[in-house]
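Here are some short exercises for getting to know a new fold. Try each task before you read the solution below it.

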Amino acid sequence: MPASLLFRLTITGRRKITLAATLFFLLLTTALWSQSSPAQPQTPSSPQQPATSQQPQSPQQPGDSQTQVPGSGAAVQDQQGSDASQSSDQAQDQPEPEGHITKQQAKDLFRSVDEILGFVSGDTGLPIEHKVKRNLITRAMVEKYVDKRMKDDKDEKRVEQAALVLQKFGLLPANYDLHAEFLKLMAEQVAAYYDPKTKSVNLLDWLPPDAQKPVLAHELTHALQDQQVPLDKWELAGAKDDAALPDQQEYFVEEAQSARQCVTEGQAQVVWFDYMLAPQKKDILTAPEFVEAVRAAMGDSKDSPVFSEAPVFLKESLLMPYTFGLDFVRTVLANKGKEAAFAGLLKDPPVDTRQIMQPETYLLHQVVPQLTIPDLDKMAGPAYTRFDFGGMGEFDIYLLAKQYGVKDPPNYFRHWRGGYYYAAQAKSGPKDQIAMLYFSRWDSPQAARDFANMYADYTPKRYKDKVQWTSTCPAASNGSGAATCSFAASTKQGRILIEQNDSDLLIMEGYDDAVVANARGVLFFGMSPPSSTKDKNSK
Ligand SMILES: [Zn+2]
């Protein structure tokens, strides 16, 4: 769940205002816009060329601007529209950053949609099946929407629940108001966006047209994706809405959804780079230094104070489609060409975050077999009530490794071979406390042991308390980890057991001894969960 929670929030949000689609862009484009300086017309520039000599002296010429990647020394010439000469007549009309664009600018912006759509179609090979509708929206409309979401109780309740799980994993500080912080982020990160529900692109009336054009290249990629597959449905990967699915299906669907979001955003990112580089007759494959420069500047913007201050979990989850997603699509493009990287990925999408983070596994059709999820409610028995279930995919291991501060996250996440958690509340226990079962599979006993050590090391930080481990781990005799190992400790929230059995790892926190015994039997030794007369077996 960790990463998929954000996906759920963004996909429900997308119907009105997308966060995901816009997040990255505001990080970039507001910074780019505020720092963009007028280029000497016809001065050739290259991505490597430092643009420090160019100081803003005059109003920017729409359609002929040079943008810089802050702090990177990289600069790139904006796309020169066919109507550039026309629109440059409007340069005097340049509004204040937070004003409204003029009627003429709005017209220019509306017209640029078709021109950029043509670019996107050529770049992706995705056909233009029909015209894309366009709307101009105001800051007030966006604020009204964010405000409404603030008050959405259903949304808030779901997020509160997720926050408790994330806190248990140490991914959010205690008492962190995830709902409020998330909405603050949304308000900070608004940019032009495509709305698959109305099949229209929404343009912002307070940002100058040139600041919106590269964003349009990204958003119009979504429009063409949407004309190939209905994006709303496709990104849900078989789920109908936000409602919980049976565990086995949920396990598959969460990962597939995250992977698909990486495809749609990764493709749109590739097009964004190609659009930025087109005036120099370069593209994402021929200008790797530009890609790296933008990368380095991402998420490091003084224009995004809320984002900068956000916990690692939020930042990494939000950036993932634009970082790992971009690298994934770029790798497919480099290896298999345009058809495979655009239409092909929509037809044959990656199935999990492992395929995204390790694109070679997608190219080689390597799929990690799904774990079989036992009846977890039965296993926990009548003294507990189900709180939450979720998959723990390869990207979630990356998140944990980042949060737990290890130097080499790939040494952990690349060994992932499956995992899920089951959170429950003791019927007799406090309502703000959950018990956690986290089962994971690794590619070797040593990898399971490494993860166990990382997890154990961070435990005192999660509980803000000293943790005295009792360990029964035979030293490795041959350099590889022994087949079994366990750590146990007591905390204010009950007992913790971390037990490795071959390449499997079981972590139990806060469950009573009977549940721990059940879980070991079922998960390590293939026993059936005990049947209980009181068991409602509710999902
Ligand atoms: Zn997007």
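**Exercise 1: the seven-stranded sheet**

Task: Keeping in mind that this is a predicted model, work out how strand 9 and strand 13 are joined, then place them in their sheet.

Solution:
- Start with the pair. Strand 9 (residues 435-442) and strand 13 (residues 504-509) run antiparallel, joined by six bridges.
- Pick out one bridge: leucine 437 has methionine 508 as its partner in strand 13.
- Now widen the view. The open sheet has seven strands in the order 7-8-9-13-12-11-10, and the pairing is antiparallel.
- Look at the ends of that order. Strand 7 (384-391) and strand 10 (470-472) are at the edges with a single partner strand each, so one side of each has no neighbour in the sheet.
- Going from one strand to the next, the twist averages 10°.

**Exercise 2: helices across that sheet**

Task: Find which strands helix 21 and helix 22 lie across.

Solution:
- Take helix 21 (residues 445-463) first. Its strands are 9, 11 (484-491), 12 (494-501) and 13, and helix 21 runs at about 165° to strand 12.
- Helix 22 (residues 513-525) lies across strands 7, 9, 12 and 13, at about 165° to strand 13.
- Compare the two lists: strands 9, 12 and 13 turn up in both.

**Exercise 3: the three-stranded sheet**

Task: Describe the sheet with the order 4-6-5, and say which of its strands stand at the edges.

Solution:
- This open sheet of three strands has mixed pairing.
- Strand 4 (133-137) and strand 5 (193-195) are the edge strands, each with a single partner strand, so each has one side without a neighbour in the sheet.
- The twist here averages 30° from one strand to the next.
- For the parallel part, look at strand 4 and strand 6 (residues 200-204), which pair over five bridges. One of the bridge pairs is lysine 133 with serine 200 of strand 6.
- Add the helix: helix 8 (residues 209-228) lies across strand 5 and strand 6, at about 165° to strand 6.

**Exercise 4: one residue in strand 5**

Task: Decide whether aspartate 195 is buried or exposed.

Solution:
- Locate the residue: aspartate 195 lies in strand 5.
- Count its neighbours. There are 23 C-beta neighbours inside 10 Å, and the cut-off for buried is 20 or more.
- Aspartate 195 therefore counts as buried.
- Check one distance too: arginine 134 is 61 residues away in sequence, and the two C-alpha atoms are 9.8 Å apart.

**Exercise 5: a covered helix**

Task: How many residues of helix 19 are buried?

Solution:
- Helix 19 covers residues 394-403, and eight of its 10 residues are buried, so the helix is mostly covered.
- Among them are Phe395, Ile397, Tyr398 and Leu400, along with Glu394 and Asp396.
- Glycine 405 follows helix 19, with a positive phi near 80°.

**Exercise 6: the largest nonpolar core**

Task: Which residues touch the most other members of the largest nonpolar core?

Solution:
- The core has 119 residues, and Leu220, Val329 and Leu437 touch the most other members.
- Helix 10 (residues 247-277) gives the largest share, 13 residues.
- At least three residues come from each of domain 1 (2-36 + 103-361) and domain 2 (376-525).
- Zoom in on leucine 220: leaving out residues up to four places away in sequence, it touches Ile116, Leu117, Val120, Val132 and Val201.

Technical notes: Residues are numbered from 1 along each chain as its sequence is written. This is a predicted model: local features need pLDDT of at least 70, side-chain atom pairs count only at pLDDT 80 or more; totals for chains, interfaces and linings use all residues. Two strands pair if DSSP finds at least two bridges between them. Helices (H or I, at least four residues) and strands (E, at least two) are DSSP runs, numbered from the N terminus. Axes are lines fitted to C-alpha atoms, for helices over the stretch in contact, and angles run from 0 to 180 degrees between N-to-C directions. Two residues are in contact if their C-beta atoms, placed from the backbone, lie within 7 Å. A residue is buried if 20 or more other C-beta atoms lie within 10 Å of its own, exposed if 12 or fewer, and partly exposed in between; C-beta atoms are placed from the backbone. A nonpolar core is a set of buried Ala, Val, Leu, Ile, Met, Phe, Trp, Tyr and Cys residues joined through C-beta atoms within 7 Å. Domain bounds come from an automatic or database domain assignment.
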